[in-house]
Amino acid sequence: MVKSLISVVLIISCSIFPLAAQQVRIQPAQSSENASYQYYYDLLQLLLTQTADDYGEANIVVIDSPMSQLRGFSMLKADILDVFWAGTSIEREQEFHAIRIPLVGGLLGSRVPVISRDRLAEFETINTAKQLQQLVACQGSQWPDSDILQYNGYRIERVITFQLIYSMLKQQRCDYFPRGLYEAYAEVSSRGNESLMVYDKLILRYPLPMYFFVSNNNPRLAQRITQGLERLIATNKLHEFIQQHDITRQMFPLSQYRNSRIFDLTNPQLPPQTPLQRQELWIDLPQHSISADAVE
C-alpha cells in the first residue's frame, strides 16, 4: 500500500514538475567573423532535438568565455564544457571521446586561400606547391592545420586568436589564410572584409575531419550524439543538411572546383581509427583536370 502511494505521488509530481532539461554546454564563437560557428551550433541542436524521445529534452548553453582550442579542450576535461568541436588528431583522440563522424563530410581539409584582393594577379601565377611554400600562411597556433602545413614544407605564422588572423591578413603581415571551403565564403562576406577575397582556383587538400568531442566521463551524451548522427547518415539527411545550411551551401556545387589547382598534403597526425572506409561519411571534390604537382 505504501509503495503504491509513493508511486502515485511520483507520477503526480513528475506531471506537475517535469524533469529539467539537460544542459549541454558548448564553446562561444571565436569572433564575429567566425561564421561557421552557427553551422555546428545548428547541427548539434538538430541532433539533440531528434534524440529527445530517447534521452529527454536538452538545451544548449553557450559558455561566455573566449577560448583557444587548447583552453577549450582543457575546459572539456574539467567538466566546464560538455561538447567541443574541432579538427581531430592522435593526441586529441587519446584524451577525449571523439565521435568519429565528420561533421562536414571531411571538407574541413579542403582549404582555400583567403587573400587580399590586390594580390590576385600574384596568386594567379602560382602553379606548384613549391611556389606557394615561399609565401607565409596565417594559422591558429593550436590548430592541427598548422602542424600539417609545416610538416609539408609550408611557411606558417602561428596566431593565438582567430580575430587577429584577419587583422594580420589585412595588414599583409601574412600572405594568405587557408580556410575550409565553407568557412572562407561566409567569413569573407562578413562586414569589414571587403578588401579580401576567396581564391578558390587553388586548394590545399589533406584528410582532417571535424568531430564533436565529449569527455570520456560522459558516455551517455556521446551515445546520444552518435545515435543522432547515425540516423542522419542512414537517411542521407546529414549530406542534405550540409548542402542546404546557410553557411555551407555556398561551396556547392562542388563541380565549380573541377579546374582548381589542388595540392595534396600528408596529415601525419591522422588517427588510424579514422573511418576512411565508410564512404557514406565523406564528400569528395570532383576529379580535377589540372595536376598541381605535375608542372613542377
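**Exercise 1.** Determine in which strand Arg179 is found, and whether Arg179 is buried or exposed.

*Solution.* Arg179 lies in strand β8 (residues 177-180), where strands are DSSP runs of E with at least two residues, numbered from the N terminus. The model is predicted, so local features need pLDDT (the predictor's confidence in each residue, from 0 to 100) of at least 70, side-chain atom pairs count only at pLDDT 80 or more, and totals for chains, interfaces and linings use all residues. Residues are numbered from 1 along each chain as its sequence is written, and side-chain values use heavy atoms, with hydrogens and water left out. The relative accessibility of Arg179 is 3%, and therefore this residue counts as buried (under 20% relative accessible area; exposed is over 50%, partly exposed in between, with a 1.4 Å probe and protein chains only).

**Exercise 2.** Identify residues in contact with Arg179, leaving aside its neighbours within four places in sequence.

*Solution.* With contact meaning heavy atoms within 4.5 Å, the residues include Asn34, Trp143, Phe162, Tyr166 and Glu187.

**Exercise 3.** Describe the burial of strand β6 and its pairing with strand β7.

*Solution.* First, 5 of the 5 residues of β6 (residues 136-140) are buried, so this strand is largely enclosed by the rest of the structure. Next, Val136, Cys138 and Gly140 point one way, while Ala137 and Gln139 point the other way. In a regular strand the side chains alternate between the two faces of the sheet. Finally, β6 and β7 (residues 155-159) run parallel and are joined by 5 bridges; pairing requires that DSSP finds at least two bridges. Val159 in β7 is the bridge partner of Gly140.

Notes. Helices (H or I, at least four residues) and strands (E, at least two) are DSSP runs, numbered from the N terminus.
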